[in-house]
Structure formats: structure tokens, C-alpha cells
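Ready for a little structural practice? Please have the chain in view, and try each task before reading its solution.

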Amino acid sequence: MSEHYRQVRAIQPAPDSDTRIRQAGPGGLKGVIAVLSVLVLVFAGIGYLTVGRLGNEVASAGNLSLGGGQGMKKAPDGATDILLVGSDSRTDAQGNPLSQEELASLNAGAEEGEHNTDTIMVIRVPNDGSSATAVSIPRDTYVKDDELGNMKINGVFAAHAAERRSELEAEGADEQRIAREELAAGREGLVTTVAELTGIEVDHYAEIGLLGFVLLTDAVGGVDVCLNEPVQDEFSGADFPAGRQTLDGVDALKFVRQRHGLPRGDLDRVTRQQAFMASMVQKLLSAGTLTNPGRLNDLRGAVERSVVIDEDWDVMSFAAQLSNLAGGNVTFTTVPVTSLDGVGDYGESIVTVDPDQVRAFMDDLLGTREEEQPEDGEAPPAGEPAAAAADAELHVLNAGSVSGLAGSVGGWLEEHGYHVAEVSNALEGIYTESQVVAGDADSEAAKAVAEELGGLPVTVNEGLDADTLVVVTHDDYAGPQGDQMAEAPSGDGSVGQPGADFGTEPEASPEIDAGGDGPRCVN
């Protein structure tokens, strides 16, 4: 480790921490497909008059610490990212209990625990709206939660909700407040965990309950699926012949629940869900759905009954952004995994992932990064550093919530001939704004770099030598950016003990798109 590197690290004192390790067990989610909520809101948004009447009828959630990329506004990290969650709630989106008949049709007993989220997806939409990719995160993916320790990702929501409930009960809070705040805590905990695993900034949140899946499927008149072989599974209730068939909501729930008897277990179940969703998108984009007032009215009713979205989401503006999106550019895939039969801290069976691989996978979905241009439209000259800073060693640290910001700023500096020694993440709580840190307030090198990056303030840390500068990026950064450089991951690497791996490459599930002439045949 170089002396300069030690000096940079010396200005970041380690924060105090009191980490509690707790394991939350899995729950009994019935295979809800959360992505349907956004698919309906976005694609049925083309049926403007009907969806436009939703307004305040759609349940909303607040206090989620979201990034806020929405509508036609460009997200700083290059994409609008939507977290889609399937909840096993026994109430509808408005908080009303499901009837006994509804519970019976779903094969969902009221005695089972709530707040389990066995379906977790991220929809990544690049700023130009040219494509949309729904990325599944398997329910048993083992992750590190910064507050509650290592656990399966489908237990994060429930663990944070239970933690908040315990705190409020100790305070003597009333049940109405407890119910409201435990949900908010669960949602926020899951948003944070997904963001840290994937390296994205979650801009929007959508959640759908058990009943919603059935209602949305029936609202489009059923969905076509195709099976390679006939199946019969007592656990999910799936009993279907091989070949192409149209399923109503109740049978579709059985179809997407099955994982027993499938060659790749839960990964094949995820592939089934994706094939189902691709088929639904085809149906939603067809003229027969979007020009049918009755279908649109059924969709509106299903969304109002079953979908929760974040309170700041301008859905109509977002739908307009995607109005020209073709079915072939709507794809479904899964994060790469390193093993299916790993072992967790308490001996539980887990799916392991390499966070670096997951983050690289999410970055690749954006394709070629948009080049930042000056307001006059002329490209900035490359390869010419300011003379005063030509010999400086730059350490670029990301102190904000915008994933990859330090990497793109470091890329711009390197393109312009600066010596970038490091791109990494700053320790939390050290910096609150973008700045250039130097050992001397009169450093000409620091002033030159600060001016190049849009007029950043220059601050002093006397522990730095004359040739070392620290460039800190935060959420207020508005200067130039370039191609992404490698940036240190925010997490601590893989957790859990991997099982048998897939060789030298992670397991990649097939990519399924919503184009074509019919449903994808799956196991």
C-alpha cells in the first residue's frame, strides 16, 4: 500500500457501529409476480383516459429513501430502476382483509405469517427509454443486511418490519401506528438491501399482494403459457399438460408457484415466472387489450385493489416515456448466481451470489454510457490536464447515494490526462458535499481540478502531501462525467458458504423477451 493511499485513508475515520446479527426464517409466499403491477401501470398507461382516472385511487407508500428518477427526468446513474415486490399480505392494497372465498381460491391460509417477499425484481429502464429489463433476484439469495446481519433476501422485509414493531410495542404505541410504521420499515430495509446488492439507486417501488396476481391475470382475459413436459405437483397444485394453453388467474398462480420436480429448482420457477410475464406483456401491448374499454376498466380495478406504489411516482409521465417501447425490447432475466445449494450461517439452504458480478451485470444492461456534453453541444477536448495539476495523484471517492458517480468522474479525469490513482467509496458520514481536498488551501493543483469539475469548493486536510488530492463526489455534483471506471463495491463481498458451483462462470438464466409469435416453452 502506497504512502499516498495511507494518507487518503487516514482522513476517513472509521465510524462506530453496533451490528446485531439476527436470522429471519423464510415464509410461505405463494409465488406472487410483483412485476405485473408496473407492467399494467406502464403499458396500460397507453390507454390514457382509463389509467388517467386512477389518480388517488392507487395506494401509495412514503418514506422509502428512493432516488426519485421519474418521468422524462434523467436518472443520474443512467437508468430509472424500479423495485418490484410480491407480498403475501392477506389484505388488499387499501388494507381491507381478503374474504374467506378469496383466501380459499388462492389456497392461502390466514394463519400464515405476512411480510414475506419471495418475488423480488428490479426493472431497469435506461434514460432513453429504448428498453426495459426485469431482473429477478432469487428468493433464497443470501445477503448481508447492514442492520440485522446475514439472511435470505426474502426475509429482509419481514425482519425490518418485526424490528420496528418490537420498538413501537416497547414504546406503547397504538396498533394503527404500529401497522403503518412496520410496513414502512420493511419496505425501506428491502430497498436499501437491494440497492447495496445490485449497485443501483432504487428510484421507484411497487408492491402487489396475493390477490393482485389473480385479478390482473383475469383482467387481460388469461395468459398463454407453454410447457415442455406435462407437470403434476401436489405442493403448488400445478396439474397441466405439455404444450400451449391459456390460464386464468387461479391456475396461473399454480403455474408460477411450482418449483418441486423442476431440473433447476427455484431458478426454473423464476424462468417460468418470466415466461409468464413476457406473455402478459405481449397481451397488454396487443390492440385487443389496450383498445378494449372493458379490459382497461378491469385493469384499473385490479390495480386499485392490489397495487401499492411510492407516493412520488408520476406514473403517467413514466408511461409516456415508454410509449414507443416494442415487445422485443422488454426482456426478463435473472442475476448471475454462483451456487444453488450453499449453506447459511444457521445451516439453511441458500443461493449464493458474487456482488461484484451482480453489479457488473446490472451495469451491462445500460449498454454504452451516454457521453456528457457541454451546453453548446461541443465535445470537451480530451487528454489535456490543467498544467498546475498535471503531476497530482487523484483519489476519487463517492460519498453520495448515486451509484457509480465517482467512477464516471474518475473516467472523465483520466480521459483528460489526469493521474487517477484510486476510485472508491468514502466511509459514511465523513463528507456532506462534493469537494476537492488538499493539504494546503493555496494548492494551485486543487484549484485547477476544482475548476475543471464545475467549480467545486477546496477544503484542507493537512495530512495530505502536496502531490495528493482527494476528489469527493456527492449527490450535489453537477460537473462533467465520462466513461465508467472500476469503483469499489459498497458491500463486503459474498456471504454464506457456497455449494457446488457452476464452473468458472456464474449460472446465467435464459433471457426471455416479450416479442415473437407466442409464449416461450419452459420446464
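Three short exercises follow, each with a worked solution.

This is a predicted model, in which local features need pLDDT of at least 70, side-chain atom pairs count only at pLDDT 80 or more, and totals for chains, interfaces and linings use all residues. Residues are numbered from 1 along each chain as its sequence is written, and side-chain values use heavy atoms, leaving out hydrogens and water.

**Exercise 1. The disulfide**

Find which cysteines the disulfide joins, and where they sit in the chain.

Step 1. The structure holds one disulfide, a disulfide being a pair of cysteine sulfur atoms within 2.5 Å.

Step 2. The partners are Cys 226 and Cys 521, with S to S at 2.0 Å.

Step 3. Cys 226 belongs to strand S8 (residues 223-227) and Cys 521 to strand S22 (residues 521-522), so the pair links distant parts of the chain, 295 residues apart. Strands (E, at least two residues) and helices (H or I, at least four) are DSSP runs, numbered from the N terminus.

Step 4. The link of Cys 226 and Cys 521 is right-handed, with 65 degrees about the S-S bond.

**Exercise 2. The sheet around S8**

Work out the strand order of the open sheet that holds S8, and name its edges.

Step 1. The order of this three-stranded open sheet is S11-S8-S22, with mixed pairing; two strands pair if DSSP finds at least two bridges between them.

Step 2. S11 (243-247) and S22 stand at the edges with a single partner strand each, so one side of each has no neighbour in the sheet.

Step 3. S8 and S11 run antiparallel and are joined by five bridges. Leu 227 has Gly 243 in S11 as its bridge partner.

Step 4. H8 packs on the sheet and touches S8, S11 and S22, where contact means heavy atoms within 4.5 Å.

**Exercise 3. Two helices**

Describe how helix H7 and helix H8 pack.

Step 1. H7 (residues 210-219) and H8 (residues 249-257) pack at about 120 degrees, with their axes 8 Å apart. Axes are lines fitted to C-alpha atoms, for helices over the stretch in contact, and angles run from 0 to 180 degrees between N-to-C directions.

Step 2. H7 and H8 are therefore oblique to each other: angles under 35 degrees count as roughly parallel, over 145 as roughly antiparallel, 65 to 115 as roughly perpendicular and the rest as oblique.

Step 3. Residues making the contact include Phe 213 and Val 214 of H7, and Leu 253 and Val 256 of H8.
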